[in-house]
Amino acid sequence: MRHAYMRTLALAVAAALALAACGGTRTSTDTAADTGGSAKGDFGPPQGAPVKAVLTAPPNVPPPTGRSAPAKVVVELDVIEKEMPISEGVTYTFWTFGGTVPGSFIRVRQGDTVEFHLRNMPDSKMPHNIDLHGVTGPGGGAASSFTAPGHHSRFTFKALNAGLYVYHCATAPVGMHVANGMYGLILVEPPEGLPKVDREYYVMQGDFYTRGKYREKGHQPFDMEKAIDEHPTYVLFNGMEGAMTGDRALTAKTGETVRLYVGNGGPNLVSSFHVIGEIFDKVWFEGGTKYQENVQTTLIPAGGSAIAEFRMEVPGTYVLVDHSIFRAFNKGALAMLRADGAERRDIYSGKELDEVYVGDRANPNLAAVSEATTSAKAGALTIDQQAKAGQALFAGTCSTCHQPNGQGMEGVFPPLAKSDWIAADPTRLPRVILHGLNGPLKVNGKDYASVMPPMSQLTDDEVANISTYVLNSWGNPGGRVTTEQAAQARKAAPLGTAGGE
């Protein structure tokens with residue numbers, strides 16, 4: 001019986017293989033071939049008059065093409081080198097496609113013939129080109145688009161593959177051009193288009209390498225050694241810390257469907273993209289035509305993308321992060337989506353505290369920090385300007401433990417309001433901020449077991465501004481701490497150690 005069974009099984013396998021060889025059975029390879037590929041993306045020559053592509057600056061997305069036939073699409077993109085804010089009070093010389101980081105969003109249809117025009121502005125210091133990952137051809141258009149300052153290049157390609165693709169500069173040194181912000185996204189819609197949604201947004205992560213430390217004020221040059229070592233100063237969405245927070249947050253309404261076109265320009269880091277408080281209903285992973293459902297966090301490689309879609313059920317603030325979490329809270333990879341609408345307490349109880357997640361980014365903006373930086377540079381910084389800047393920074397650094405009103409938490413965190421410990425020696429403030437404080441502590445007649453960690457990631461001017469805010473708030477004695485005093489505190493021994501107090 002056993003021999004007969006084995007013989008029957010062998011015959012069945014042989015028959016299946018024979019059918020597969022002559023097309024009688026669909027193999028996994030055949031199935032993959034049916035889902036797309038460049039051989040399926042040529043729908044013949046362009047039809048009708050040429051179409052000029054609508055390009056949008058982030059976080060905006062051009063409207064769907066709305067076409068049922070391939071067209072000749074003219075894309076005109078300018079390379080602009082310009083100084084822009086990278087954080088409040090910090091500027092950087094970005095190299096851009098279209099004057100923004102990331103560059104302009106491009107939207108075409110599968111089968112379109114794209115006539116691409118690249119202009120490099122006359123005041124540029126460097127030659128540039130463009131490599132579009134949606135191009136089939138050596139270099140993705142890089143060799144055809146090498147453009148010196150003041151010059152214009154043109155090349156043509158057919159968009160054969162549907163998907164969401166990164167583009168970037170590929171002029172040597174390639175890493176430096178990408179690190180300075182030269183990347184963006186091009187969407188090649190499938191012939192039938194994408195399902196209709198209520199909101200579409202353009203979000204792109206990048207890692208930046210400045211000579212100064214995180215949030216160090218003034219103009220910051222590019223640091224090649226940091227870039228080679230893959231030690232970014234900033235990890236950002238859309239080229240600036242706070243680009244989509246506070247009064248610049250993305251918006252939606254409950255009941256709406258939101259689609260995010262998310263890219264990662266790199267040049268080095270992989271993104272663990274996550275929206276706190278939401279679950280992606282669908283994620284078109286790696287920007288392709290397949291999607292996964294019910295996704296919490298999606299990996300996006302450097303030079304890669306994803307399309308994330310979800311429905312807003314509950315109103316409130318949703319925080320977009322790179323879930324390599326120190327990048328979010330200590331390097332800037334954080335954005336916000338505000339959803340308006342009626343409460344849904346059957347889904348969520350409704351308590352919300354922005355400061356827990358976004359800290360100082362919960363504020364409408366950090367204009368007070370920029371104002372203080374400008375005044376300090378001019379030698380006209382007032383105590384009031386310092387205190388206002390310190391208030392904005394305090395929200396993200398200290399308020400969770402010490403509370404926004406400085407009252408602390410009974411038996412856990414000592415109060416800063418009307419603090420006899422601060423009044424006895426205001427110079428302690430910057431030292432405690434920078435070095436932390438551990439051990440027994442008596443404040444206003446009550447004992448505390450202090451476990452404050454050091455905040456050495458803060459710059460000297462941030463420490464000075466926070467200290468000045470605390471000194472001038474909640475009944476404390478007043479006065480100011482200067483940047484120079486904060487620098488001295490950084491060099492001093494921690495309180496409670498040998499050489500300290």
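**Exercise 1. Cysteines.** Find how far the sulfur of Cys398 is from the closest cysteine sulfur, and decide what follows for a bond.

*Solution.* The cysteine sulfur closest to that of Cys398 belongs to Cys401 and lies 8.7 Å away, which is too far for a bond. Before going on, note that this is a predicted model, in which local features need pLDDT of at least 70 and side-chain atom pairs count only at pLDDT 80 or more, while totals for chains, interfaces and linings use all residues. Residues are numbered from 1 along each chain as its sequence is written, and side-chain values use heavy atoms, with hydrogens and water left out. As a next step, take a disulfide to be a pair of cysteine sulfur atoms within 2.5 Å; a search of the whole structure then finds zero disulfides. As a last step, look at accessibility, where buried means under 20% relative accessible area, exposed over 50%, and partly exposed in between (1.4 Å probe, protein chains only). Cys398 counts as buried at 14% relative accessibility, and Cys169 is buried too, with a relative accessible area of 0%.

**Exercise 2. Salt bridges between strands.** State how many salt bridges there are, and describe the one that Lys52 forms with Glu76.

*Solution.* A salt bridge is a side-chain nitrogen of Lys or Arg within 4 Å of a carboxyl oxygen of Asp or Glu, and by this rule the count comes to 21. In the salt bridge of Lys52 with Glu76, the closest N and O atoms are 3.3 Å apart. Because Lys52 lies in strand E1 (residues 51-52) and Glu76 in strand E2 (residues 72-87), this pair ties together parts that are 24 residues apart in sequence. Strands (E, at least two residues) and helices (H or I, at least four) are DSSP runs, numbered from the N terminus. Lys52 counts as exposed at 57% relative accessibility, whereas Glu76 counts as partly exposed at 42%.

Strand E2 also holds Asp78, whose partner Arg119 is in strand E5 (residues 113-120), 41 residues apart, so that this pair too is described as linking distant parts of the chain. In that salt bridge, the closest N and O atoms of Asp78 and Arg119 are 2.8 Å apart, and Arg119 is partly exposed, with a relative accessible area of 42%.

**Exercise 3. A buried pair and its neighbour.** Work out which strands are joined by the salt bridge of Glu189 with Arg107, and then describe the surroundings of Gln110.

*Solution.* Begin with the distance: the closest N and O atoms of Glu189 and Arg107 are 2.7 Å apart. Glu189 lies in strand E9 (residues 183-189) and Arg107 in strand E4 (residues 106-109), so the pair ties together parts that are 82 residues apart in sequence. Glu189 counts as buried at 4% relative accessibility, and Arg107 counts as buried at 5%. Both belong to a network of salt bridges that links Arg107, Glu189, Glu200, Arg259 and Glu309.

Turn next to Gln110, which is found in the loop between E4 and E5 and counts as buried at 8% relative accessibility. With contact meaning heavy atoms within 4.5 Å, and not counting residues up to four places away in sequence, Gln110 touches residues including Phe43, Leu160, Val188 and Glu189. The side chain of Gln110 also reaches the backbone oxygen of Leu160 at 2.8 Å.

**Exercise 4. Aromatic rings around Trp474.** Give the number of aromatic pairs in the structure, and classify the pair formed by Phe394 and Trp474.

*Solution.* Rings of Phe, Tyr and Trp (its six-membered ring) pair if their centres lie within 6.5 Å, and planes under 30 degrees apart count as stacked, over 60 as edge-to-face and the rest as tilted. The structure holds 16 aromatic pairs. Phe394 and Trp474 form a tilted pair, with 5.5 Å centre to centre and 55° between the planes. This pair links distant parts of the chain, with Phe394 in helix H8 (residues 383-397) and Trp474 in the loop between helix H12 (460-471) and helix H13 (483-491), 80 residues apart. Phe394 counts as buried at 2% relative accessibility. The rings of Tyr469 and Trp474 have their centres 5.4 Å apart and their planes at 80°, so this pair is edge-to-face, and Tyr469 counts as buried at 9% relative accessibility. Elsewhere, Phe237, Phe273, Phe280 and Phe310 form one aromatic cluster.

**Exercise 5. Backbone angles.** Identify the peptide bonds to Pro173 and Pro267, and describe phi for Asn294 and Trp474.

*Solution.* As background, most residues other than glycine have a negative phi, and most peptide bonds are trans. The bond from Ala172 to Pro173 is cis, with omega near -10°, and Pro173 is placed in the loop between strand E8 (163-168) and helix H3 (174-179). The bond from Gly266 to Pro267 is cis, with omega near 15°, and Pro267 is found in the loop between strand E14 (257-266) and strand E15 (271-276). Asn294, in strand E17 (residues 292-295), has a positive phi near 60° and is exposed, with a relative accessible area of 61%. Trp474 likewise has a positive phi near 60°.

Methods. Polar contact = N/O pair within 3.5 Å; in protein donor to acceptor, adjacent residues only side chain to side chain.
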